[in-house]
Amino acid sequence: MVKFTINGEPASVEADPAMPILWVVRERLGLTGTKFGCGMALCGACTVHLDGQPVRSCSTPIAEAEGKAITTIEGVAGPEGELSKVQQAWISEQVPQCGYCQSGQIMAATALLRDNPSPSDAQIDAAMAGNICRCGTYVRIRRAIKVAAGLEPAKGVAQSAEVKA
Amino acid sequence: MNDMAKPPRSRAAKWTRRGFIGAGVLAGGALLIGVGVRPGNPVDKLGPKVAGGEGEQLINSWLKFDADNVVTAIVPHCEMGQGAHSVLAQMLADELDADWSLVKVMQAPTDGSYVVTDTIRMFIAGGTVDAPDWLEPTWNGLFTKIGQLADGLITGGSSSIRTTGQHTMRIAGAAARQMLVGAAAKEWGVPAGEIVTANSTLSHKASGKSAPYAQFAAAAAEQDMPQTPKLKAPKDYRLMGTDAPRTDIPAKVDGSAQFGIDATIPGQTMTYAAVRRVPVPGTRVAKMDASAAKAMPGVLQILNMGDFTAVVGDSYWQAQQALNAITAEYTKPESPIRSSQDQFAAFAAALDEAGETGGKEVIGQGDVPAAMQSAAKKISADYQAPYLAHAPLEPMNATVWVRDGKCEIWTGTQVPLMARSAAAKALGLSADDVTVHHPIMGGGFGRRLETDYVLMAVRIGQATGYPVKMIWSREEDTQKGLFRPADMSRFAGGLDAQGRLVAWNNVFTQRHDPAEACDCAFYDIPNKSIRVAEADLHLPFAAFRSVDHSQQAFFIESFIDEAAHAAGRDPLEFRLAMLGNSPRHKAVLEKVAAMANWSTKPAAGRGRGLALTESFGSIVAEVVEVDMTGGKPKVTNVWCAADPGFAMNPDGFRNQMEGGIVFGLTAALYGEISLKDGAVEQGNFHDYQMLRMNECPAIAVEIINGNHEKLGGAGEPGLPPAAPALANAVFAASGKRIRALPIAKQFA
């Protein structure tokens, strides 16, 4: 029996201690926002926070969560469902395409901004290099992180038609 | 060239003339409006399949209202990140004069009523084919029939907006608006022409009456369907051409978006299957030892399916662990190709055999031998591109429940009706006994135009009889799927004394789609011979994002660049001089050159390269700047100018260009699926590398709306210029001409 908290709620799971956090979260706890991409900690789609630190849940055994706090994408918004600054920026900059990697991107960006509220471009690149976006939304992720940090103004989602005839 | 004045009336009128519009009321009073392109009223049959909550009114098969005045656009195309769901709804909502905050999107059910007839028409007859008016109903009925026979509920070819959007969603919205107006005019006793619609509200100034659409939804369903609803002229667009925020994005930032891999079946315990296909295509499992796996925890069933092995377990991880413990031997492959060298040698042999005139002619114009004979300078080059895996981040997966002569499937697919037919055939069922739910996809890129993975899950589900979710490992996805083909292309060119390209002789080995990908018709080159010398592929084919353009653009625009240098001309000037008959292409190229400050010199160690392509109806030029000071290429900037005719959602279009550029740079720098002993060597993202954030250049995109009546696509056209622009930049910076992809390893 492994005991931990998941998005603030206590949980205990009977599982092989070697089973990765990813599969416990997805299959046992029904939280499917955390994604499987590679199984080898190479793509970052499975990123969750373990006691606040971003980890690759596909390669972190559930035993390591004993007594710790797991936060998934479902736990990023506030208690009333209010979106975090990072999530809001992801909407205002219209970041996602297919969206499959974005849970992991948001978890990585959230951890970055907590530790470094005003990251430079190089710091953003370094912190986000572990997260692959196959659709290629990196330019927008970079901008959204700056918007969330207050370093750039939000573009806003309902712009008027700049290319309209 | 900016032809914005005329609304697309003729085409729309044609469409409604050949269409049948039906309306009806759903249980609870929902109104459905349908542009049925087939005779009969589709609403009665479709109603139950698209019904939601109480108080809904289905106005046609493409839209419904609920009691809160929310309109739901029922969208036939699939969503894989390209944004079609939202933009199709945006087009419908504009013609409807709906408030964008009151618009929802629903995926149309997997039903023959939703075949994308106009997409089929484009695929089969080309975008420009129009029948005489009197023939339209027959012609349209024919394409609908073909669509149904071919299970034509397809999302591909960068086509959703320019086909279904232009010719179905807009008409549905316009018809519904007109019916709502008609219903209100009748109730209020005022002329329809005096009723104004805006923001999902009807109003009549003189009488001071106003009402939300939903109030008249039921009465609208009783109205006669307008046969030629008037479509808006561009000057009246209110949502089209704006950055209306995408409806699917909020669910993608809070973890609530449901992909195929997230499927659950209420009340059922899910089981999971891990699979291992044979390593070399065409081989079979000869011997399997599963004794160790059998004893492992959580294992429910072990299956030897001949072409693959599967373990079904209580959890995916346990199933995969057990699968890893299974050893197997395989039959001897029939293909003589064992290595990538073998594959390219086979290509070279086919090109050698074709020589200067052999192979199957694709384009023949002028007199190439004579032009070559009299050319002042001759150049030649061979190029090659490797196999590629699509690598969508959501690995192939499908959830299947086969029981009692029925089959239910949950899977991300670009071809839900084909998946349904394939499953029915495999199970010996009728298509009606198979239900396909297709949630949004974690990337498609052409890979999910194939149904191989769905069929594997169906076979597993048939063996278990209980619900099972099959998930491919990343390694399976990289090694055992279907691939963008490798290809080789051989060019000879002749320049006249003024440095003009007067002869073009080209032969290559792979021709799939689209037919025109091997030509650069916008350049004025008087004598051309373009031929294909077909050579067998060792790995099975799947369309890749931009399909043949993904290799051909690299070949063609690299050779154009070589020709420019051979002529001693600036690559921009050289191209512009050949665009006398292509003003839109010229404008795009001039735009990107201005964006990139082409005429200025880049910093020391840097170089810029450019490329111009037209694919899927969109003209795109890109300039790449590369920094070689570290001894290997680092892409610092990409400038992109694009003319899609008219960008329905400019921000969404830009996002697709940005994505296409990153996809193209990834392939150009790193993309390589290579063979050893007939099997794919790469396995995961460590040896099949993707461009990452720290390598992603700054990207600027500008749009030219060059012809609002002739829309181009968005999902694919950003990709083709990226590889040649990068290769040409590497040449400019280092003097090294890139004739084979990928690039990065050549500087390792």
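**Helices, a sheet and a two-chain contact**

Q: Helix 1 of chain A is followed by A:G30; what is the phi of A:G30?
A: This is a predicted model, where local features need pLDDT of at least 70 and side-chain atom pairs 80 or more, while totals for chains, interfaces and linings use all residues. Residues count from 1 along each chain as written, with chains lettered from A and ligands numbered from 1 in written order. After helix 1 of chain A comes A:G30, with a positive phi near 70°.

Q: How many of the 8 residues of helix 1 of chain A are buried?
A: Helices (DSSP H or I, at least four residues) and strands (E, at least two) are numbered from the N terminus. A:W23, A:R26 and A:E27 are among the buried residues of helix 1 of chain A (buried: 20 or more other C-beta atoms within 10 Å; exposed: 12 or fewer; partly exposed: in between; C-beta placed from the backbone). Helix 1 (residues 21-28) is largely enclosed by the rest of the structure because the number of its residues that are buried is 7.

Q: Which element of chain B do the buried residues of helix 1 of chain A pack against?
A: Within chain A, these buried residues pack against strand 2 (9-13), strand 3 (47-50) and strand 5 (69-71). From chain B, their partner is helix 10.

Q: Which element gives the most to the side of chain B that touches chain A?
A: Across the two chains, 56 residues of chain B are in contact with 57 of chain A (C-beta atoms, placed from the backbone, within 7 Å). Helix 8 (249-253), helix 10 (316-324), helix 19 (650-669) and strand 29 (698-703) of chain B each supply at least two residues. The most, 8 residues, come from helix 19.

Q: Which strands are the edges of the sheet with the order 24-25-26-29 in chain B?
A: This open sheet of 4 strands in chain B has mixed pairing (two strands pair at two DSSP bridges or more). Strand 26 (residues 634-643) and strand 29 of chain B, for instance, pair in the parallel sense over 6 bridges, with B:C640 opposite B:V701. Pairing on one side only marks the edges, strand 24 (606-615) and strand 29.

Q: Which helix lies across strand 25, strand 26 and strand 29 of chain B?
A: Helix 20 of chain B also packs on this sheet, touching strand 24, strand 25 and strand 26. Helix 20 also meets helix 16, with B:F731 and B:F554 among the residues involved. The helix lying across strand 25 (618-627), strand 26 and strand 29 of chain B is helix 19.

Terms used
Axes are lines fitted to C-alpha atoms, for helices over the stretch in contact, and angles run from 0 to 180 degrees between N-to-C directions.
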